[in-house]
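Let's take a relaxed tour of a protein fold. Have a look at the sequence and the model first, then use the notes to find your way around.

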Amino acid sequence: MARTARLPTYEKRRNRETPTMAKKRPQTKAKPQLIDGEIPVVGAREPCPCGSGRRYKACHGRAAAHAVTELVHRPFEGLPGECDWVALRELVPAATAELTLRDGLPEGVPSVTLATVLPMAWPALRRDDGSVLLGLQNDTASGDISRDLADTLLRALEAEPGTPVQGRRAPAEGPRLQDLLDPEGAFQPAVHSGFEFWVPDAENATPEVAASLERANAAAIPTVRLSGVDAAYWCETPEKNHLRWVMPHPEEQLLDALARLHAAGRSSLGEGTRLVGSFRAHGLTVPVWDLPSAISAKDVERPATEFAERLAAALAVTEPLTPEERRARGGLTNRQVTLS
């Protein structure tokens, strides 16, 4: 389930000329060398624009290739609401959040809104009124989701109103979201029951957008963000409900704390509920509880708040795990799934 970025494989050419077949090539003057910031991205097999005479992939393209393949494990680290960024990227079907830019909104852009998904899986959309929607759940071309999203956002701010923004590989040295967004800005996700936020007037949407909206609404799982704790999301499925809670604590420390509570019989959220394992997503751990179908999001608010208090106490314990706690930890680790 992890997303990976792949580089195209190119075959190497061999020079088949013999000494008697080789032609004398005219001498050419060396081209002026460019500094790294001036060198554009070109095809891997094209001559490097720096004038070295080598192919781009063997010259300045190496840094770009490394940026594509190197995975940033916590791409949202340092952003306000990191846990909610992870949840909206991996767990929540339909949600939006207003973004605050570090340098303020450009002229003609009334707002910038993060959205889990956009019509036709567009990376971003500049609406007719100039506002920008930035899609979060798209495939990215590099190993750094933050850099790819920042590149998409910058292009959306300059796009013509009424046009979508297409995906591309972000420049290796381009800015990240952490460079563009206000570090003090609030991040308050609004979870929606459907994707009507795509269009101001759904009745007048184009046939393509209307069809995409219908498909997305049909596939959306009912989801609610709890109000009493951070980054905890209740969702409803046909057989049972779940609570998926993105937590900021270091993974090893969190698993130890969960194991202590599990071994003591204090890891549930009430009668009929059970801590069943966890996800690992973008460098954070996401414990998951099974809930009976009768338990609503409102019903789990108080148990979640009480669990947060028990977890804080368990996180403060520094003694080695007991044999029972080690067995509990092993069970939780065996049921862990990596999403990214």
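Here is a short briefing on the sheets, the helices packed on them, an aromatic pair, one phenylalanine and a cavity.

Keep in mind that this is a predicted model. One open sheet has six strands in the order β5-β3-β4-β2-β1-β6, and another open sheet of six strands runs β7-β8-β9-β11-β10-β12.

**The sheet from β5 to β6**

- Pairing in this sheet is mixed.
- The edges belong to β5 (163-165) and β6 (190-191); each has a single partner strand, so one side of each is left without a neighbour in the sheet.
- Strands β3 (residues 124-126) and β4 (residues 132-135) run antiparallel, joined by three bridges. To spot this pairing, look for Arg126, which stands opposite Val132 in β4.
- Helix α3 (residues 145-158) packs on this sheet and touches β2 (112-115), β3, β4 and β5. The direction of α3 makes about 160° with that of β4.
- Three bridges hold the antiparallel pairing of β1 and β2, and Ala97 sits opposite Leu114 in β2.
- Strand β1 (residues 95-98) also runs antiparallel to β6, with two bridges between them. Here Thr96 has Ala190 in β6 as its bridge partner.

**The sheet from β7 to β12**

- This sheet has mixed pairing too.
- At its edges you'll find β7 (223-225) and β12 (336-338), each with a single partner strand, so one side of each is left without a neighbour in the sheet.
- On average, neighbouring strands here are turned by 25° against each other, direction ignored.
- Seven bridges link β10 (residues 274-281) with β11 (residues 284-291), and the two pair in the antiparallel sense. A handy landmark is Ser278, opposite Pro287 in β11.
- Helix α7 (residues 297-315) packs on this sheet, touching β7, β8 (232-236), β9 (241-245) and β11. Its direction makes about 40° with that of β9.

**Aromatic pairs**

- How many aromatic pairs does the structure hold? There are seven.
- One to look up is Trp245 with Phe307: the ring centres are 6.0 Å apart and the planes are at 55°, so the pair counts as tilted.
- This pair links distant parts of the chain, since Trp245 is in strand β9 and Phe307 is in helix α7, 62 residues apart.

**A closer look at Phe279**

- You'll find Phe279 in strand β10.
- Which residues does Phe279 touch, leaving out those up to four places away in sequence? They are Leu91, Arg244, Leu284, Thr285, Val286, Val288, Gln336, Val337 and Leu339.
- Phe279 and Thr333 are 54 residues apart in sequence, and their C-alpha atoms are 9.8 Å apart in space.

**The cavity**

- The structure holds one cavity of 30 Å³ or more, and the volume of the largest cavity is about 70 Å³.
- Which residues line the largest cavity? The lining is made of Pro80, Trp85, Glu98, Leu99, Thr100, Leu181, Asp182, Gly185, Ala186 and Phe187.
- Sorted by class, that lining has six nonpolar, two polar and two charged residues.

Technical notes: Residues numbered from 1 in each chain as written. Predicted model: local features only at pLDDT ≥ 70, side-chain atom pairs only at ≥ 80, totals over all residues. Heavy atoms only, no water. 1 Å grid on protein atoms, 1.4 Å probe; cavity = no way out; pocket = protein on both sides within 12 Å on 5 of 7 lines; lining within 4 Å. Points joined across faces, edges and corners; volume = space filled by probe spheres on them. Nonpolar A, V, L, I, M, F, W, Y, C, P; charged D, E, K, R; others polar. Pairing = 2+ DSSP bridges. Helix = DSSP H or I, 4+ residues; strand = E, 2+ residues; numbered from the N terminus. Axes fitted to C-alpha atoms, helices over the stretch in contact; angles between N-to-C directions. Contact = heavy atoms within 4.5 Å. Phe/Tyr/Trp six-rings, centres within 6.5 Å; stacked < 30°, edge-to-face > 60°.
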